[in-house]
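Student: Could we go through a protein model together? I would like to learn how the descriptive words are chosen.

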Amino acid sequence: MNRKKILSGIQPTGHLHLGRYFGAVENWVKLQSEYDSIYCVVDYHAITMPYNPIKLKENVWELIYNLLACGIHAENLFIQSKVPEHTELAWILGCMCSYGELSRMTQFKDKSEQIKDKSKDSFVSSGIFTYPVLQAADILIYKADFVPVGKDQDQHLELTRNIAQKFNSVVGKEYFKAPEGMYSSTSKIMSTADPTKKMSASMGDKHNINVFAPIDQIRKQIRSAVTDAGERSDRLSPGVENLFMILKACNSIEEYNLLLNEYKNGTLQYGRFKDIIADAVIERVTPIQNNKAEILKNSKEVKESIKRSSAIIRERASQTISEVKALTGLG
């Protein structure tokens, strides 16, 4: 029996922090045993924002090593730019997507403002406007049944579904399936310095916890995390709630329940609370860090394995492009 397909991508920007790990990567690892899993380092998407070409290449391989260390299988992992069929399909699909649909994408406005805020000399590339079509191509080229996404990607997934339906209507055949979203049960991990914003590497080190940071640094960052202790009420403050979410994500359910009761009873000691969370996080990341150390000893072989997996996955994309061209009169 053929397994259902899933496709998900991750940008090689910033480091792998707890938000990205618990929000996506940990779930990807689990899904590999149940689904035909394809995971992509989306370097084409990364160049839509201002970037350093040399740093981009370094970031791609650093992310590859990190994902493998977390447990992603090499045969399921590829680099987007090694499969140029993605951009070819994006052009075809872009001709079936209206300007109005793209102009309604909320992330275009958000990312444009980020670029303008960083530098007056930076420009907003057309890629920021059209990248949702490339994202649709990433998904549809493998005919994915499900896409592991966060709620902030719902609008893009809906656009992908619309594009698939438009393509089918134009060619007169139900060729592309409309993919469904697959959501992680882990709540969104927020910044440890500003718990009203999601954890992000771009905001600086104090706002995120790098999975591969030195153990002492991880403990120090958790100890300095915002708790908003002065705003006690029956409801958890954003900072305290975020720390509880991190603890729960580490599967420390017994400690989670115990400490939550202490909070409700007004007996929670924040120093001890943070030490328990730090211990749980360190226990989780230590084997991952050890895995990476072993991977780096064989980095040349690892690179070759990813190049092979990219070539094999490209064969699947190439088959789709051949079929699409035939259907659209291009082949």
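What follows is a talk about the terms used for this predicted model.

Student: Why are H3 and H13 called roughly perpendicular?

Tutor: Good place to start! Helix H3 (residues 53-70) and helix H13 (residues 299-328) pack at an angle of about 90°. Angles of 65 to 115 degrees count as roughly perpendicular, so H3 and H13 get that description. Their axes are 11 Å apart.

Student: Which residues meet where H3 packs against H13?

Tutor: From H3 come Trp61, Ile64, Tyr65 and Leu68, and from H13 come Ser299, Val302, Lys303, Ile306 and Lys307. Of the residues in this contact, six are nonpolar, one is polar and two are charged.

Student: What makes Arg316 and Asp36 a salt bridge?

Tutor: Look at the distance. The closest N and O atoms of Arg316 and Asp36 are 2.8 Å apart, and the cut-off is 4 Å between a side-chain nitrogen of Lys or Arg and a carboxyl oxygen of Asp or Glu. The pair therefore counts as a salt bridge. Arg316 is in helix H13 and Asp36 in strand S2 (residues 36-41), 280 residues apart, and the pair links distant parts of the chain.

Student: How many salt bridges does the whole structure have?

Tutor: A search finds 16. Another one that involves H13 joins Lys143 and Glu323, at 2.9 Å from N to O. Lys143 sits in the loop between helix H7 (126-140) and strand S4 (146-148), while Glu323 belongs to helix H13, 180 residues apart.

Student: How do you know whether Glu323 is buried or exposed?

Tutor: Its relative accessible area is 26%. Buried means under 20% and exposed means over 50%, so Glu323 falls in between and is called partly exposed. Lys143, at 24%, is partly exposed by the same rule.

Student: And what makes Asp145 buried?

Tutor: Asp145 has a relative accessible area of 11%, and the limit for buried is under 20%, so the word fits. Its salt-bridge partner is Lys177, at 2.9 Å from N to O. Lys177, at 35% relative accessibility, counts as partly exposed.

Student: Why does Asn210 count as buried?

Tutor: Its relative accessibility is 16%, which is under the 20% limit, so Asn210 counts as buried. Asn210 lies in the loop between strand S5 (180-182) and helix H9 (215-223). Leaving aside neighbours within four places in sequence, Asn210 is in contact with His15, Leu16, His17 and Ile218. The side chain of Asn210 also reaches the backbone nitrogen of Phe212, at 2.9 Å.

Key:
Residues are numbered from 1 along each chain as its sequence is written. This is a predicted model: local features need pLDDT of at least 70, side-chain atom pairs count only at pLDDT 80 or more; totals for chains, interfaces and linings use all residues. Side-chain values use heavy atoms; hydrogens and water are left out. Axes are lines fitted to C-alpha atoms, for helices over the stretch in contact, and angles run from 0 to 180 degrees between N-to-C directions. Helices (H or I, at least four residues) and strands (E, at least two) are DSSP runs, numbered from the N terminus. Angles under 35 degrees count as roughly parallel, over 145 as roughly antiparallel, 65 to 115 as roughly perpendicular and the rest as oblique. Contact means heavy atoms within 4.5 Å. Ala, Val, Leu, Ile, Met, Phe, Trp, Tyr, Cys and Pro count as nonpolar, Asp, Glu, Lys and Arg as charged, and the others, Gly among them, as polar. Buried means under 20% relative accessible area, exposed over 50%, partly exposed in between (1.4 Å probe, protein chains only). A polar contact is a pair of N or O atoms within 3.5 Å; within protein, one must be able to donate a hydrogen and the other to accept it, and residues adjacent in sequence count only if both atoms are side-chain atoms.
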